[in-house]
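Please look through the sequence and the model that follow, and then read the report below with the structure beside you.

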Amino acid sequence: VVAVNTSMLLLSSITYGFAMLEMQRGRKNAVLMWLGITGLFGLAFVGLELNEFRHLISEGAGPQRSGFLSSFFTLVGTHGLHVSFGIVWLVTLMVQVAQRGLVPENQRRLMCLSMFWHFLDVVWIGVFTFVYLMGSLH
Amino acid sequence: LSATAHTDDSHGGHDARPGHHPGGHDDAAAHGSFNGYMTGFLLSVILTAIPFVLVMSRTFANPDTTSYVILGFAAVQIVVHMVYFLHMNTRSEGGWTLLALLFTVMLVVITLSGSIWVMFHLNDNMMPMSPTEMRNMP
């Protein structure tokens, strides 16, 4: 699951990059399409994560079970919230771009979300290295 | 200062892309290129795959060795993301983004190492746990 999740986030990072490249060329529909794909990857990520949470809790491995699981749910859950808010922001910007086009204001907003979105991926590197990989070692 | 930096930056952008529209005037260099995103993506895939393989195949007998190696890969991948996705370099905004990043890294390092230091010394600073210990307090 974690490998699939990691690839979802990585793919969403690059599709957001493509949206930015299309923005530079001023192609509104291509921007919207890439943003949409980015959002779908983001949703797939959150969906897989919630499914994993549900599975763990149904096995009795909820956050109250152990110190490891407490920090697991806190860290991974916080990152999931981060992604979810990113998706809300993304949809908002898609509506803005659809209505107003690629005006300078929207370009700046897309720039900001770009940083937010790529940073999600940077944070995820830390999360999967510490929580998943190092967690399965010991 | 920031005005000077701005001028420098938009100059760099115009040199790189002579005929582009005025909308994203100062960001031309900051958005990266298709090749840049693809390089970053491929490097990330490789840098993610190697730690996964190392952990799953138990390449190193000692889990601590694996931990340090995968932490190294994570650190390299974070730098890859910073360079290819977040477009960190010494030129944008006249070097101020890099300075801000370094300041952030410094604060994070102080916070992390400080927290770890405090937590490893919690035991020494605890109240005595039993009545016997309490009576024999120094």
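Across the interface of chain B and chain A, 0 salt bridges are found, where a salt bridge is a side-chain nitrogen of Lys or Arg within 4 Å of a carboxyl oxygen of Asp or Glu. Between chain B and chain A there are likewise 0 residue pairs in polar contact, counting pairs with both residues at pLDDT 80 or more; a polar contact is a pair of N or O atoms within 3.5 Å, and within protein one must be able to donate a hydrogen and the other to accept it, while residues adjacent in sequence count only if both atoms are side-chain atoms.

This is a predicted model, in which local features need pLDDT of at least 70 and side-chain atom pairs count only at pLDDT 80 or more, whereas totals for chains, interfaces and linings use all residues. Residues are numbered from 1 along each chain as its sequence is written, chains are lettered from A and ligands numbered from 1 in the order in which they are written, and side-chain values use heavy atoms, with hydrogens and water left out.

The side of chain B that touches chain A has these classes of residue, with Ala, Val, Leu, Ile, Met, Phe, Trp, Tyr, Cys and Pro counted as nonpolar, Asp, Glu, Lys and Arg as charged, and the others, Gly among them, as polar.

| Class on the side of chain B | Count |
|---|---|
| nonpolar | 18 residues |
| polar | 12 residues |
| charged | 4 residues |

In total, 34 residues of chain B are in contact with 30 residues of chain A, contact meaning heavy atoms within 4.5 Å. The area buried between the two chains is about 2800 Å², and carbon and sulfur atoms give 78% of that area; buried area is the accessible area (1.4 Å probe) that two parts lose on being put together, summed over both.

Turning to chain A, its secondary structure comes to 4 helices and 0 strands, both being DSSP runs numbered from the N terminus (helices H or I, at least four residues; strands E, at least two). Buried residues make up 51% of the 138 residues in chain A, where buried means under 20% relative accessible area, exposed over 50%, and partly exposed in between (1.4 Å probe, protein chains only).

Over all chains, the structure holds 12 aromatic pairs. The rings of Phe53(A) and Phe73(A) have centres 4.8 Å apart and planes at 45°, so this pair is tilted, since rings of Phe, Tyr and Trp (its six-membered ring) pair if their centres lie within 6.5 Å, and planes under 30 degrees apart count as stacked, over 60 as edge-to-face and the rest as tilted. Both Phe53(A) and Phe73(A) are buried.
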